[in-house]
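Biologist: I am new to this structure and would be grateful for a close look at a single part, namely its disulfides. Please explain where they lie, and then place them in their wider setting.

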Amino acid sequence: MVSTRKAVWLFLAFERVLTAQIPLSSHPPLSFYPGLETDLGQWDLDEGPAVNATGHLVFETVNSLLQNWPNTRHRIGHTIVPGIIPVGTLLYHGAAGPHLPTVLDWVAVEPDHSMLFCEGSIEKGCWHLTLTVTRPMKVIYFDGSSAAKLLEGTMDTQDLVAWSEMKPEWVKNEEQRIKDLCKWGEKYGVNGFVRMEMNFEIMICNFTSHMEAVSFSNLESTRLKAGHTDMPDDPNTMHFAFELMHSSSWHDRYPGETRIMLDFSGLVSFYDTDLVPSLVPRRAGVERWDHRVAGISPEDIERVQDRLSQALVRPPVTTSGIDWKTVLRVVVDRYASRLEFMHHLLNLTLDDGSIFNHSQQIQRQLRTVLLPYTVFAALSPNNSVAADATNSWAVPVFRECATSHTASIVSHGTTLMPSERLLLQAIRETTHEICRVATKMWASGMILGVDPLYPPELRPEADQVRTLVSEWKEDVTQLLSWLDWSVWVKCRPACGLEEMCYLPTWPIGFFPTPGVPPRAHWGNASLWPDPNNEEWRRPQPKCIRRLEPYGF
């Protein structure tokens, strides 16, 4: 271990010697950076994003596609994406009898889900079908909790595709929905529609065109008591319900459900303000939880349908080939944990004796974030810092950081589809704001004198440092709120081995009893969440037991 440390130290020391031999005068002036002097307004460290900006919303919704956790948290979908289910994929169907489906029907991606529909008596058992995809199957994916039969808007995007309007009165008319969706998709060769409830399911238009049976087994009855108010008192049913939720958690976070390959170049986003301008005023002053597609204009509906149609008939060779899923994820990987850690550090309570050292720790974190973008020419000499209250000397760092993930795509003039241009803009807007805040904080620390690599002649007063830390806290808090990444939504403290982190999920709590008013079984003692309270409307993570007694 000692010899290894020596080797590392010698290597770093040698690198520093080589670097030190470069004359300081070799660093270019700020005018060296093309366009920097003509677009300074774009790089104002004090100017945040526009109120109606949606780039960050496009970014997070697309980064969350086919992931259970973020689509349970924000149930109302805003994205429609074409995709392919590859050859060899196994799909599952719970049947009511020993007959292969001959009509439009549903399949699940997990047998834990399909077994819910494997109906049969204790004496005769139930029938369960396993299928394999025999040729690439074209599908459409609706994000959000798009199989949740709720009036709050979870099915809005499907309504627009099937009927060109919202039909809330048909929210439970699944037979008509699958019939009309399949009729619409037939001319494009679409054979399935992917949705999410507890887990992902696929509405299949033709069971024989892209699949064949692997097995059709007569299994032991599940003995479930669905549809009764005494459901929480039945240990078998409660165990099944929990394990179904547990199987969905396998796809909670990135990479999500990997058996469905999405075509990001053909996605349609209702956060695209050029495509769907009519929804901009409807979102004004409304929290993301309550964003709806309802209220979209007929003209915008027609544009959405045209965009989706173009994506479905376009030859694959016309796309750029850019792996947008990975480009988005690289940004999240780079910043998520460090921003979360800084937010933690900035929320600690400190006395005057420790505040300066603490500020230096945070400054080191900021320096780490910006290190690949800290061009030497931007470092402001000590004698000019006081004369530049706007921190314009730090603009090259801001710009390098903000453009690092997209500059190569833009500079090579890659021919992008409309959906890809939307994604490019979403990444640019998101990284622009992350880097603006990080650079502003770092520059403020440099000026005050808390950067360990540039110590001031006189240490700043504790009150000055406390003011700086307070400003930093406000900056990071606002940034995390604006980004609203679901990667930060987790159980705190972490759940134990006999627990699972859980978000209130449809249809848990929605098991109606014939002849009984829908809300009769929701009470203070109920295990199920009331969909009218904040726990349901604003889902928050909580630990639930993995063993009896269960509780949701």
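Modeller: The account below begins with the whole chain, turns to the disulfides, and ends with the helices.

The model is a predicted one. The protein has 552 residues, and 49% of them are buried. Its secondary structure consists of 16 helices and 12 strands. Among contacts with a separation of 6 or more, 77% are accounted for by residues 24 or more positions apart.

Five disulfides are present in the structure. A disulfide is a covalent bond between the sulfur atoms of two cysteines. When the bonded cysteines are counted along the chain, the pairing reads 1-2, 3-4, 5-6, 7-9, 8-10. Three of these links are described here in turn.

One of them joins C118 to C126, with a distance of 2.1 Å from S to S. The torsion about this S-S bond is 95°, and the link of C118 and C126 is right-handed. Are its two cysteines buried or exposed? The cut-off for a buried residue is under 20% relative accessible area. C118 has 2% relative accessibility and therefore counts as buried. C126, at 0%, counts as buried because of its relative accessibility too.

Another disulfide is formed by C401 and C435, whose sulfur atoms are 2.0 Å apart. Its torsion about the S-S bond is about -65°, so this disulfide is left-handed. The pair links distant parts of the chain, since C401 belongs to helix 12 (residues 395-403) and C435 to helix 14, 34 residues apart. C401 has a relative accessible area of 0% and is therefore buried. For C435 the relative accessible area is 0%, so this cysteine is buried.

A further disulfide connects C495 and C543, with 2.1 Å between the sulfur atoms. The link of C495 and C543 is left-handed, with -95° about the S-S bond. C495 sits in the loop between helix 15 (462-483) and strand 11 (499-502), whereas C543 is in strand 12 (residues 542-545), so the bond ties together parts that are 48 residues apart in sequence. Residues that lie between the limits for buried and exposed, 20% and 50%, are called partly exposed. C495 has 23% relative accessibility and so counts as partly exposed. C543 is partly exposed because its relative accessible area is 31%.

Helix 14, which holds C435, also helps to cover helix 9. Helix 14 (418-448) is among the elements that cover the buried residues of helix 9, together with others including strand 1 (79-85), strand 5 (137-142) and helix 5 (156-163). The buried residues in question are D300, I301, V304, R307, L308, S309, A311 and L312. Helix 9 itself (residues 298-313) has 16 residues, and its span of 23 Å from first C-alpha to last is close to the 22 Å expected.

Elsewhere, helix 2 (residues 55-63) packs with helix 10 (residues 324-345) at an angle of about 105°, and their axes are 10 Å apart. Angles of 65 to 115 degrees count as roughly perpendicular, and helix 2 and helix 10 are therefore roughly perpendicular to each other. Helix 2 contributes F59, V62 and N63 to the contact, while helix 10 contributes L328, R329, V331 and V332. The residues of this contact of helix 2 with helix 10 comprise five nonpolar, one polar and one charged.

Note on methods
Residues numbered from 1 in each chain as written. Predicted model: local features only at pLDDT ≥ 70, side-chain atom pairs only at ≥ 80, totals over all residues. Heavy atoms only, no water. Helix = DSSP H or I, 4+ residues; strand = E, 2+ residues; numbered from the N terminus. Expected span 1.5 Å × (residues − 1). Buried < 20%, exposed > 50% of the residue type's maximum accessible area, 1.4 Å probe, protein only. Contact = heavy atoms within 4.5 Å. Disulfide = S-S within 2.5 Å. Axes fitted to C-alpha atoms, helices over the stretch in contact; angles between N-to-C directions. Parallel < 35°, antiparallel > 145°, perpendicular 65-115°, else oblique. Nonpolar A, V, L, I, M, F, W, Y, C, P; charged D, E, K, R; others polar.
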